[in-house]
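Here is a short report for a reader who has not met this structure before. Please look at the model first, then read on.

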Amino acid sequence: MLSRDSSATLASAVTAFIYKEARLQDEHAYEAWEALWTDDGVYWVPANGDDIDPEKEMSIIYDNRSRISLRIKQLLTGKRHTQTPQSRLRRLVSNIELLDEQAGGDISVASNSMVFESSLRDDTIWAARNEYRLRYVDGELRMAYKKVILVNNEKALFTLSFLI
Amino acid sequence: MNVVPRASQWGELIRPDRVHGSLYSDPAIFEAELQNIWYRTWVYVGHESEVPNANDYVVKSIGPQSVIMTRDEQGKVNLLLNRCSHRGNQVCSYDKGNARSFTCPFHSWTFANDGRLVGYAFPDGYEGQDKSKLALGRVTRVQSYRGFVFGSFAAEGPDLEEHLGGAAETIDRLVRFSPEGEVEVTAGFLKHRVKANWKFILENECDGYHPAFVHSSIFGVADSAIGKLYGGASTAVTRDYGNGHTEIDLRPEFRKRDTPMSWFGTTEERLPDYTSRMKAAYGDQKAREIMIDGTPHVMIFPNLFIAEIQMFVIQPLAVDDSVQHVTALQFKGAPDMNRRLRQQTMGSVGPAGLLLADDSEMYERCHRGVLARNPEWIFLGRGAKRERQDELGFKVGHVTDEIPSRGIWRHYRSLMEAV
């Protein structure tokens, strides 16, 4: 059990981390965003509900660490046409909550976010519940897991090629 | 133009090596396509494995219309229109489930899962009414081929096997990849929406000219051997089966490699369980041939695209609004293969796919592009002077040639001219 002081310190560090992640995504700072991941990171955007089994059913994104790296490398080529030109993005993140501690000591956090995307096609609004597992690695917070539950993930979605 | 061409005028818009831009952008032409293509010819709807048990149902579509595919208590597959026969309310609001009947929430009319009206509220108001005349609407003809269920709203016309013609053999080739000879559609669908006409999707599926450019970003960083299949020196071919069905046949390249599972970027050693089941099912030599050749890359007109490891179902919603429904193919009796199929499919396709997000970007840019009317035409003449016939008499050409588009438009014209 954390003391009130250390709990407040942790909440503040976690909030700062989540805001920073949001800014790196909005500004297409691909390498800096990738550096936030632990070596065993999992980036998951389910389709067709909140709790499908990603080992059995299709997800919009279900990247292990090496596929996260591949996704970033593709964006860095400058020839990922759907992000050439890049979407203009700004997102609001709120409702940041520390959840129960995970086995193994990972910090479990959730937030809500709303993203405004302006692309060649049109302007699109995306809304999501985000669930994270964060971990201190060499004194720095890192993401070991990020699950993005889009509110409309049961519907047909337009291309989602920026970092959500 | 906003005026549907008369039968004699389609030839002015569809020439042997070019088609008019308005065919993609004119709302009146889209309405004519619904009548002459989507509500007439055979359209792929769903797969029998999506309703494995009695009373299972799954909601599908034919164009903008919602269709409930049910398996009734007798085990028969029905395609019912999701529209109450009373006042038109949708009777089913869930994507899938198990139900003996559907009760309309508006006035509580209840329909059996074979479409029969079995009851309505306060029946005394309907004294003398023949319930059998108030069943759910249904797709007029339903036929399946190796588990793939197709529907046609036309009471008469070619049967499904006639419609599939030479392309039926590609489905035979596909199901062999299961040691039990059956495809299963069990991994759930991603639904990817594009602001583009459906025919940009249809024509791109067997366009072997674009991968080297549209997908260079991923081929380069993934160390992929796919790019070479679509290069100038490739021996792969494009094929026109007639009836609008088209293929990219990559077998010549895979046979040169002469290595089982190379088509899928893997080896027999990495899929030991699958390999042993295939050899047990087909014998060593036949299993080896199947596993060298790879699965087909075939576009069954107008909406079923089997793309080696996944399948797409194209749904037109409006002249500039389409959905690609896509799932990993799964082969019965092949668990280790199926896992890899899901992982590769998830990376490649859908709204965030490393491949399909870029294709979809092209569809949307093409759609905006053809709104410009100079030049008026889409030019589809690539390889027109080097078309040849294969041993079965189908037109084939270089993998980058536009034989598939020309074949699609030839069939399209015949459907639009038929009254």
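B:Met261 counts as buried, because 21 C-beta neighbours lie inside 10 Å, and the cut-off for that class is 20 or more. The model is predicted. B:Met261 sits in the loop between helix 10 (251-257) and helix 11 (272-282) of chain B. Its phi is near 70°, a positive value in a residue other than glycine.

B:Glu308 can be read in the same order. This residue has 21 other C-beta atoms within 10 Å, so B:Glu308 is buried. The loop that holds B:Glu308 runs between strand 18 (304-307) and strand 19 (310-318) of chain B. Phi of B:Glu308 is near 60°, again positive in a residue that is not glycine.

Next come the cis peptide bonds. Two are listed here, with the loop in which each proline lies.

| Cis peptide bond | Omega | Place of the proline |
|---|---|---|
| A:Thr84 to A:Pro85 | near 5° | loop between helix 3 (65-76) and strand 3 (88-98) of chain A |
| B:Asn374 to B:Pro375 | about 0° | loop between helix 14 and strand 22 (377-379) of chain B |

**A sheet in chain B**

In what order do the four strands of the open sheet in chain B stand? The order is 6-5-4-7, and the pairing is antiparallel. Strand 6 (77-81) and strand 7 (96-98) of chain B are at the edges. Each has a single partner strand, so one side of each is left without a neighbour in the sheet. From one strand to the next, the twist averages 30°.

Look now at strand 7 of chain B and its partner. Strand 4 (residues 56-62) of chain B is joined to strand 7 of chain B by three bridges, and these two strands run antiparallel. Across this pair, B:Tyr57 stands opposite B:Gly97, which belongs to strand 7 of chain B.

**Chain A as a whole**

How many helices and strands does chain A have? The secondary structure comes to three helices and six strands. Along the sequence of chain A, the pattern reads α-α-β-β-α-β-β-β-β. The radius of gyration of chain A is 16 Å, close to the 15 Å that the globule rule gives for 164 residues. Chain A is therefore as compact as a globular protein of that length.

Taken along the principal axes, the C-alpha atoms of chain A fill a box of roughly 50 × 30 × 30 Å. Of the 164 residues in chain A, 35% count as buried. Contacts across the sequence can be described too. Among contacts in chain A between residues at least 6 apart in sequence, 54% join residues at least 24 apart.

**Where the chains touch**

The contact takes 31 residues from chain B and 30 residues from chain A. Which elements of chain B give two or more residues to the side that touches chain A? They are strand 14 (190-194), helix 8 (216-222), strand 20 (321-328), helix 13 (335-348) and helix 14 (356-369) of chain B. Helix 8 of chain B gives the largest share of this side, six residues. By class, the side of chain B that touches chain A has 14 nonpolar, ten polar and seven charged residues.

Helix 14 of chain B thus appears twice in this report. Helix 14 is among the elements on the side that touches chain A, and the loop between helix 14 and strand 22 of chain B holds B:Pro375.

Definitions and conventions:
Residues numbered from 1 in each chain as written. Chains lettered and ligands numbered in written order. Predicted model: local features only at pLDDT ≥ 70, side-chain atom pairs only at ≥ 80, totals over all residues. Pairing = 2+ DSSP bridges. Axes fitted to C-alpha atoms, helices over the stretch in contact; angles between N-to-C directions. Contact = placed C-beta atoms within 7 Å. Nonpolar A, V, L, I, M, F, W, Y, C, P; charged D, E, K, R; others polar. Rg over C-alpha atoms; globule rule 2.2 N^0.38 Å. Buried ≥ 20, exposed ≤ 12 C-beta atoms within 10 Å, placed from the backbone.
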